Amino acid sequence: MNKSISNISRRYQRLMLMLLILFCISGNVSAHPMPNSVVFLDIQPGKVFAELQLPLNELELAFGHQVNQHPEALVSRLSPELKSYIISHIHPVSKDGKTWTVSVEDLLVQKIPASASGPYYELHAKVLMIPSQGESTREFDLNYDVIIHQVVTHFALISVRQDWETGLYGEKPVELGVISLDIRSNTIFPFKVNLAEGGIWKGFKQTVVLGMHHIAEGTDHLLFLLVLLLPAPLLVNRKRWGTFGGWRYSWVRLLKIVTAFTIGHSLTLIAGALGLFTFPSQMVEIVIAFSIIISAIHAFRPVFSGKEAVVAVGFGLIHGMAFAGTLVNLDLDIYHLGLSILGFNLGIELMQLFVIAAVFPWLIILSKSKLYSIIRISGAVFSTIAASGWMVERITQNPNFITVLTQRIVGHAPWLILFVAVAAIASLSINIVSKFNRKNEFSKAVET
């Protein structure tokens, strides 16, 4: 009878634990109001970074020190003890049984506001796990019992946040499962990490896609280049933009500006990604917005006619600093970083060329008409207003109505391009009809 009651009790405990785990998994992994841990894995060839997010109230029960009192000073008080504790409870093992080396790279206490009972604190630990030479990081057993070894109701959600070989870059972590105490055996079993097959080619292709997405979402980068190209088909007449300079003239100026911008941003992208320089991101973003205003002024009146390529190189250096931040965050070895730089830059260029190919031919056609003056000035005014809003937002760190409105307008960019294309076709048709009529009138005049 007692044995039967014991079995029912165990089944009830297991059921309650599974319901708790499923409830937490169904929510967002990065925001976990329940006192569970989260482990984010960043997979790289040759090493794995794990970011542990440990609630202090639960850690205190397992660690044996008062970590939840004065949490802001926790790292300075107990850093060596915390590192030693974490290392002693993480033991990755290759599938052939070889153990990995484990070290704690960084500790940081974070205040988490999203909780029903009010804010609480977490310890974020960056752990480096390195297998033996030649061992794969795509399949291994993770022996992990931080907190769980003492707090039997605690569990850890395991997710892959970054995986270069499959093109996962942290935007949407992939959940792998849960580490918890098995109540039947009173054992914490190793968590088996078995990732999808990846490779160099797949990883490279995804960096190209990453570069394309980055420039597609980087409205400010594209706007700078497009506004700089607005007056490219035009000649200068008495310090004003004049008439159409011809197809060859237009394409040569386009080639010079785009090539110069590419050289500029490629240099600082490479330097920044390799860690040769560090750039203050806020200042870089402000200068990028300022560069749009400069190119808009030039689109309104020629202030540096004939020197557009020089300006494109100069501001391209600034834009490249912003591009570099994406690759620095990947924290790759030199070989994979080199491939990422190449693929990312290639993706940027492909998207730039796609946008230019979708817009510039129509601008050349329209530049022959009187309508182009309205389009050029309207583009300059819109760019100035949008860039001013971005500058204010980046200085104050708060969005404003201009940036919100700009984002809505940019969301209709395909329709704007379609409008320009229709206007260009209509203008071309009118010119063709006009020339045909003049030719007929001339023929009739000759006959009479």
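## A buried charged pair

Glu165 and Arg138 are both buried. The two side chains form a salt bridge, and their closest N and O atoms sit 3.3 Å apart. Along the chain the partners are 27 residues from each other: Glu165 belongs to the loop between β7 and β8, while Arg138 belongs to the loop between β5 and β6. Keep in mind that what you're looking at is a predicted model.

## Other salt bridges

There are ten salt bridges in the structure. Take Arg161 and Glu51, whose side chains meet at 3.0 Å, N to O. Arg161 is in strand β7 and Glu51 is in strand β2, so this pair ties together parts that lie 110 residues apart in sequence.

Then there's Glu139 with Lys95, a salt bridge in which the closest N and O atoms are 3.8 Å apart. Here the link runs from strand β6 (residues 139–144), home of Glu139, to the loop between β3 (90–94) and β4, home of Lys95, so parts 44 residues apart in sequence get tied together. How much of each partner can be reached? Glu139 counts as partly exposed because its relative accessibility is 32%, and Lys95 counts as exposed because its relative accessible area is 65%.

## The largest pocket

If you go looking for open space, the largest pocket holds about 1,000 Å³ of it. Its lining is made of 30 residues, and the ones closest to the centre are Leu223, Leu226, Ala413, Leu416 and Ile417. By class, that lining comes out as 24 nonpolar, five polar and one charged.

Which elements build this lining? At least two residues each come from α4 (200–217), α5 (219–229), α9 (334–366), α10 (371–396), α11 (401–410) and α12 (413–447). The top contributor is α9, which gives seven residues.

## The second largest pocket

The second largest pocket has a volume of about 430 Å³. Two or more lining residues come from each of β1 (37–44), β2 (47–55), β4 (101–112), β5 (120–130), β7 (155–163), β8 (168–180) and α8 (308–328). The lining adds up to 21 residues, with Asp42, Glu51, Arg161, Gln162 and Asn329 nearest the centre. Sorted by class, the lining has eight nonpolar, six polar and seven charged residues.

You've already met one charged pair from this spot: Glu51 and Arg161 are among the residues nearest the pocket centre, and their side chains form the 3.0 Å salt bridge described above.

## On the surface

A nonpolar patch on the surface is formed by Ile200, Ile270, Leu274, Leu276, Phe277, Ile334 and Tyr335, and together these residues have about 710 Å² of accessible area. One of them, Phe277, is in the loop between α6 (247–273) and α7 (281–300). Is Phe277 buried or exposed? Phe277 counts as exposed because its relative accessible area is 52%, and the cut-off for that class is over 50%.

Asn237 makes a handy contrast in labels. This residue is found in strand β10 (residues 234–237), and at 48% relative accessibility Asn237 counts as partly exposed. The C-alpha atoms of Asn237 and Pro302 are 9.6 Å apart, with their positions 65 residues apart along the chain.

How values were computed: Residues are numbered from 1 along each chain as its sequence is written. This is a predicted model: local features need pLDDT of at least 70, side-chain atom pairs count only at pLDDT 80 or more; totals for chains, interfaces and linings use all residues. Side-chain values use heavy atoms; hydrogens and water are left out. On a 1 Å grid over the protein atoms alone, a cavity is a set of points where a 1.4 Å probe fits but cannot get out, and a pocket is an open set with protein on both sides within 12 Å along at least five of seven lines; lining residues have an atom within 4 Å of a point. Grid points are joined across faces, edges and corners, and a volume is the space filled by probe spheres set on the points. Helices (H or I, at least four residues) and strands (E, at least two) are DSSP runs, numbered from the N terminus. Ala, Val, Leu, Ile, Met, Phe, Trp, Tyr, Cys and Pro count as nonpolar, Asp, Glu, Lys and Arg as charged, and the others, Gly among them, as polar. Patches are made of residues with over 30% relative accessible area and no salt bridge: like charges are joined within 9 Å, nonpolar side chains (Val, Leu, Ile, Met, Phe, Trp, Tyr) within 5 Å. Accessible areas come from the Shrake-Rupley method with a 1.4 Å probe; for residues, only the protein chains shown count as cover. A salt bridge is a side-chain nitrogen of Lys or Arg within 4 Å of a carboxyl oxygen of Asp or Glu. Buried means under 20% relative accessible area, exposed over 50%, partly exposed in between (1.4 Å probe, protein chains only).
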